[in-house]
Amino acid sequence: MNPLALYAPSALPALPVRIGSLDGLNLDLSALKPRQPGQNGERAIVMFRSRYAPERLPFRRHYWLKSCEGGYTVMYAWNLDKPRTDIPFGKVEGDDLAAIRIVIGNQAADHRMTPIRWELYEDREGEELVAMGRFDAWSLLQGVAESDIHRLAAKGQVPNLERWDYDDIFMDKPCPGCGASMSVNTLAYNIDSARCAKCGKRPFLSPLITGRLERALPSFTRGNSAKQATECVLDIVDYLGFLGADIADVVGELPGGLNPHAALKQLHASSTNAEAPSAGPALARLEARLAGCDQATRMTAMGAAILLRQAVERGRFEEADAAAVNLLRTILRRNAG
Ligand SMILES: [Zn+2]
C-alpha cells in the first residue's frame, strides 16, 4: 500500500485501547453546535495537540530509570539539584517501556498538564533520552501494542484513561433529567448545545441563562431595569434560537418562585427602552420608539417584534426567532443613532 495513503493530518494516531467518542458521551449529536464550522471532537484535539506540541511546551517533567532487583523503578526528579528529593513512582519488570509509560500516565492522572511535557531518561543526569511527549493518551501510549495492554492488565497495570484528561478537554455532568453520565468536548463544541441523547435535557445550559434572568429581573436591579429587561429578552431569544432550545430546557430556581419561562415573559412585558415615556404594552412602546423611521422599516420592526412576542409566549426558539431579534436590534440601534 502507498504509505502516503495512510497520512491523515486530521486524524489522531491509533490507540491500543478502546476509548469512547471524542465528541463526548450520551450526546444528541444533531443538537451539537461546533465552535467552528466543520469542527468535530477529533479534529479539535488534533489542532490542540499541534498547538501544544511537546517541543513547544515551556515546562518539563524529568523521569529516569533507577535499576532495582528484576527491573527498574520509575523516578521523578522534581528538583534536579537535589537527588534526595526524587520520588519513586513504581516498579516495572525488566525494561518494559509500555509499563513505564503507563506508570508515568497514571501518576499524573487528574492533573492539568497542558504546559508540561514528559521526558524519560535512562539516567538521572538526563544524558540518555528514552522518550518524550505530551501528557495525553496518544503520546503516552505511542508504540504500545494491544498485546502489551492485555499482558500488563493481567498484572494489574492498566492505563486509567478516564483520568487522563490532562488538558481538561471534557466537561462531565450527570444529566439532571435521567441521571445518564454526560460529557462534552469543550474544544469542539458550544457546551450549551449539549443535549442528553436519552431525555433531551441540556445539563450545561442552565447556569448561564438563569444567571442572566436573575440579574435582569427588576427586583434585582437598581434603576434602568426596563432597558436591562429589553436587552435580556433579546439576548436570551437570540441565544436559545441559535441553539434551537426551549426555555423549558433551562432548569433552575429563580427568586420569587418564578420558573425561567415565567421570568422571561415578565421581562418581555416590561421590556422597553430608556427613552419610552409611558407604561403600556411593549409593542406600543416600540412603536413610539420607531416614530422617526420610514414606513417600511417600521413595518419590518413591528413584524419582528410580533414574532418575538409569539416566540416568548411559546417558549420554544428556532433560528428564525434569532434572526428576528437581530433584525429588530439592528433597526433599534440605527434609529437610536
Ligand atoms: Zn437525560
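The exercises below, each with a worked solution, concern a predicted model of a protein chain.

**Exercise 1. Overall dimensions**

Compare the radius of gyration of the protein chain with that of a compact globule of 337 residues, and describe the box that its C-alpha atoms fill.

Solution.
- Step 1. For a compact globule of 337 residues, the radius of gyration would be near 20 Å.
- Step 2. The protein chain has 28 Å instead.
- Step 3. Along the principal axes, the C-alpha atoms fill a box of roughly 85 × 50 × 40 Å.
- Step 4. Of the 337 residues, 30% count as buried.
- Step 5. Take the contacts with a separation of 6 or more: 61% of them join residues 24 or more positions apart.

**Exercise 2. Domains and their contact**

State how the protein chain is divided into domains, and describe the contact between domain 1 and domain 3.

Solution.
- Step 1. Domain 1 is made of two segments, 11-50 and 168-193. Domain 2 covers 53-163, and domain 3 covers 206-336.
- Step 2. Domain 1 gives 5 residues to the contact and domain 3 gives 4 residues.
- Step 3. On the side of domain 1 that touches domain 3, the residues are 2 nonpolar, 1 polar and 2 charged.

**Exercise 3. The sheet of 3 strands**

The secondary structure comprises 10 helices and 8 strands. Give the strand order of the open sheet of 3 strands, then locate its edges.

Solution.
- Step 1. The order is S1-S8-S7, and the pairing is antiparallel.
- Step 2. Strand S1 (24-25) and strand S7 (170-174) are the edge strands, each pairing on one side only.
- Step 3. S1 is joined to strand S8 (residues 181-185) by 2 bridges, and these strands run antiparallel.
- Step 4. Within this pair, Gly24 stands opposite Val184 in S8.

**Exercise 4. The sheet of 5 strands**

Work out the order of the open sheet formed by 5 strands, and explain why one side of S4 and of S6 is left without a neighbour in the sheet.

Solution.
- Step 1. The strands follow the order S4-S3-S2-S5-S6, with mixed pairing.
- Step 2. S4 and strand S6 (129-134) are at the edges with a single partner strand each, so one side of each has no neighbour in the sheet.
- Step 3. From one strand to the next, the twist averages 25 degrees.
- Step 4. Helix H2 (residues 97-107) packs on this sheet and touches strand S2 (59-68), S3, S4 and S5. The direction of H2 makes about 150 degrees with that of S4.
- Step 5. The mixed pairing can be followed at S5. Strand S5 (residues 116-121) runs antiparallel to S6, with 5 bridges between them, whereas S2 and S5 run parallel and are joined by 6 bridges.
- Step 6. Between S5 and S6, Trp118 stands opposite Gly133, and Leu120 stands opposite Ala131. Between S2 and S5, the bridge partner of His62 is Glu119.

**Exercise 5. Trp78**

Place Trp78 in the chain and decide whether Trp78 is buried or exposed.

Solution.
- Step 1. Trp78 is in the loop between strand S3 (71-77) and strand S4 (87-93).
- Step 2. A residue is exposed if 12 or fewer other C-beta atoms lie within 10 Å of its own. Trp78 has 11 C-beta neighbours inside 10 Å and therefore counts as exposed.
- Step 3. Neighbours within four places in sequence aside, Trp78 is in contact with Thr85 and Ile87.
- Step 4. His62 is 16 residues from Trp78 along the chain, and their C-alpha atoms are separated by 6.8 Å.

**Exercise 6. Two residues with positive phi**

For Asn26 and Asp110, give phi and decide which is buried and which is exposed.

Solution.
- Step 1. Most residues other than glycine have a negative phi.
- Step 2. Phi is positive at Asn26, near 55 degrees, and also positive at Asp110, near 70 degrees.
- Step 3. Asn26 is in the loop between S1 and helix H1 (41-51). Asp110 is in the loop between H2 and S5.
- Step 4. For a residue to be buried, 20 or more other C-beta atoms must lie within 10 Å of its own. Asn26 counts as buried because it has 21 C-beta neighbours inside 10 Å.
- Step 5. Asp110 has 10 C-beta neighbours inside 10 Å, so Asp110 counts as exposed.

Definitions and conventions. Residues are numbered from 1 along each chain as its sequence is written. This is a predicted model: local features need pLDDT of at least 70, side-chain atom pairs count only at pLDDT 80 or more; totals for chains, interfaces and linings use all residues. Two strands pair if DSSP finds at least two bridges between them. Helices (H or I, at least four residues) and strands (E, at least two) are DSSP runs, numbered from the N terminus. Domain bounds come from an automatic or database domain assignment. Two residues are in contact if their C-beta atoms, placed from the backbone, lie within 7 Å. Ala, Val, Leu, Ile, Met, Phe, Trp, Tyr, Cys and Pro count as nonpolar, Asp, Glu, Lys and Arg as charged, and the others, Gly among them, as polar. The radius of gyration is taken over C-alpha atoms; the globule rule is 2.2 Å times the number of residues to the power 0.38. Axes are lines fitted to C-alpha atoms, for helices over the stretch in contact, and angles run from 0 to 180 degrees between N-to-C directions.
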